[in-house]
Amino acid sequence: MSAQPGIDRGHTDDLMSFLRASPSPYHAVACAAERLEKAGFQRVEETAPWDGAAGGRFVLRGGAIIAWYVPEGADPATPYRIVGAHTDSPNLRVKPIPDTGAHGWRQIAVEVYGGVLLNTWLDRDLGLSGRISLKDGSHHLVTIDRPLLRVPQLAVHLDRSVNTEGLKLDKQRHMTPIWGLGGVEEGDLIRFVAEETGVAAEEIAGWDLMTHSVEPPAYLGRDRELLAGPRMDNLVSVHAGTAALIAAARPKLPYIPVLAAFDHEENGSQSDTGADGPLLGTVLERSVFARGGAYEDRARAFAGTVCLSSDTGHAVHPNYAERHEPGHHPRPNGGPILKVNVNQRYATDGAGRAVFAAACERAGVPWQSFVSHNSMPCGTTIGPITAARHGIATVDIGIAILSMHSARELCGVQDPRLLAKALHAFLEG
């Protein structure tokens with residue numbers, strides 16, 4: 001197999017491992033935490049007192065992680081440089097009463113999470129992942145990474161119009177996966193999950209379980225210049241942000257570098273682990289106060305802070321180019337994109353553009369611009385939420401992908417590495 005010359009695959013190989021190990025937000029933050037701990041960062045508990053000593057720390061809460069590095073000599077008013085991202089992706093999530101079925105098929109009741117591209121979950125081998133919560137208050141990751149579930153599509157013989165009038169799916173009736181044959185048995189799934197996880201079923205008090213495609217990430221194309229895989233939106237940014245923070249952590253810095261990876265972006269960010277919750281503001285404030293600061297220092301630090309909200313955007317689609325803004329066609333392997341929307345669906349302004357451009361220049365990284373077609377609605381990110389909630393200057397960026405919100409997405413093989421380099425340069429100031 002030929003390989004495109006000049007491509008450094010080390011970062012992308014590592015990203016593929018990260019994607020495989022992160023089938024749920026809970027796994028993603030556990031993977032990020034493990035990497036941070038190996039780099040010398042220490043986990044701090046929210047219920048414990050904090051000190052203001054130099055060094056790296058992180059907080060875990062559910063499917064969110066906030067990590068930061070205090071350089072030597074940082075005073076209470078030292079501003080932050082923040083990379084923002086999210087850990088969740090659209091998928092099918094297990095309902096509170098999961099065991100169901102009909103006509104001799106055993107099925108699992110699921111609820112659609114986020115803006116799922118429904119047809120991409122059909123006829124795909126699915127595993128099960130997430131976490132279970134026990135009666136003693138502990139949590140355990142669940143990883144069943146083998147073909148377990150499948151949402152079967154109706155045969156063309158029974159839907160003769162599917163190729164002329166399009167596929168029509170009802171979320172309630174058509175998206176229930178099968179996992180076996182026989183009658184419905186109450187508690188069957190949770191007993192199975194308990195056995196797979198090595199805990200007693202009667203100790204399980206709650207669960208946050210979801211499906212994931214078991215097909216691993218893979219290089220694609222004649223020259224392997226593309227990467228296909230699950231959950232790129234937005235684990236590409238979580239992975240790049242983690243790598244950038246570790247690389248930026250050194251004793252002498254003009255800013256305090258931060259990684260803020262939130263859950264629940266795909267359904268509005270309104271949770272205690274979402275960007276619209278108090279988590280980020282609380283962590284930053286406590287860091288100020290731990291270094292002996294007061295509200296005045298907090299205000300000064302926030303006023304000098306900049307956040308890069310890193311999330312995926314749309315590469316120009318060769319089969320649907322008319323859906324894109326004619327003058328802005330981001331291409332794979334063209335470098336990270338600057339996302340702009342004057343109606344504040346993205347938080348970028350001219351000053352933010354200058355910050356991002358300077359970081360890319362320092363890193364030697366090319367970059368592109370993205371804006372939506374005027375006739376197409378624009379998506380949004382954690383960027384405007386972060387800017388409005390905390391009064392922090394925020395810039396929306398990311399990498400360009402195809403098949404966003406599919407069970408399997410596509411990007412250029414160089415773009416994740418270029419993003420990480422730009423984020424590193426930004427965090428170092």
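Select domain 1 and domain 2 and look at where they meet: 20 residues of domain 1 are in contact with 20 residues of domain 2. The model is a predicted one. To make the two selections, use the domain assignment, which gives residues 10-89 together with 230-428 as domain 1, and residues 91-213 as domain 2. Colour them separately. The C-alpha centres of domain 1 and domain 2 are 31 Å apart.

Next, turn to the cavities. How many cavities of 30 Å³ or more does a search of the whole structure find? The search finds 4.

Go to the largest cavity, which has a volume of about 110 Å³. Select Ser89, Pro90, Trp121, Arg231 and Ala407; among the 14 residues that line this cavity, these lie nearest its centre. Keep the domain colours on, as both domains take part: domain 1 and domain 2 each supply at least three residues to the lining. Which element gives the largest share of the lining? Show strand 10, residues 204-213: this strand contributes 3 residues, the largest share. Sorted by class, the lining of the largest cavity consists of 7 polar, 5 nonpolar and 2 charged residues.

Move on to the second largest cavity, where the space comes to about 60 Å³. Its lining can be selected in full: Trp50, Asp51, Gly52, Ala53, Arg57, Trp68, Val70, Ser287, Ala290 and Arg291. Two elements, strand 3 (64-70) and helix 6 (279-290), each give two or more residues to this lining. By class, the lining of the second largest cavity has 5 nonpolar, 3 charged and 2 polar residues.

The last stop is a sheet. Show strands 11, 12, 20, 19 and 15, in that order; these 5 strands form an open sheet with mixed pairing. Which strands stand at the edges? They are strand 11 (218-220) and strand 15 (313-314); each has a single partner strand, so one side of each is left without a neighbour in the sheet.

Now add helix 1, residues 10-20, which packs on the sheet and touches strand 11 and strand 12 (226-229). The direction of helix 1 makes about 130° with that of strand 11.

Within the sheet, zoom in on strand 19 (residues 400-402) and strand 20 (residues 409-412). In what sense do strand 19 and strand 20 pair, parallel or antiparallel? The pairing is antiparallel, over 2 bridges. To see a bridge pair, select leucine 402 and leucine 410: leucine 410, in strand 20, is the bridge partner of leucine 402. In general, strands of a sheet pair through backbone hydrogen bonds.

Technical notes. Residues are numbered from 1 along each chain as its sequence is written. This is a predicted model: local features need pLDDT of at least 70, side-chain atom pairs count only at pLDDT 80 or more; totals for chains, interfaces and linings use all residues. Side-chain values use heavy atoms; hydrogens and water are left out. Two strands pair if DSSP finds at least two bridges between them. Helices (H or I, at least four residues) and strands (E, at least two) are DSSP runs, numbered from the N terminus. Contact means heavy atoms within 4.5 Å. Axes are lines fitted to C-alpha atoms, for helices over the stretch in contact, and angles run from 0 to 180 degrees between N-to-C directions. On a 1 Å grid over the protein atoms alone, a cavity is a set of points where a 1.4 Å probe fits but cannot get out, and a pocket is an open set with protein on both sides within 12 Å along at least five of seven lines; lining residues have an atom within 4 Å of a point. Grid points are joined across faces, edges and corners, and a volume is the space filled by probe spheres set on the points. Ala, Val, Leu, Ile, Met, Phe, Trp, Tyr, Cys and Pro count as nonpolar, Asp, Glu, Lys and Arg as charged, and the others, Gly among them, as polar. Domain bounds come from an automatic or database domain assignment.
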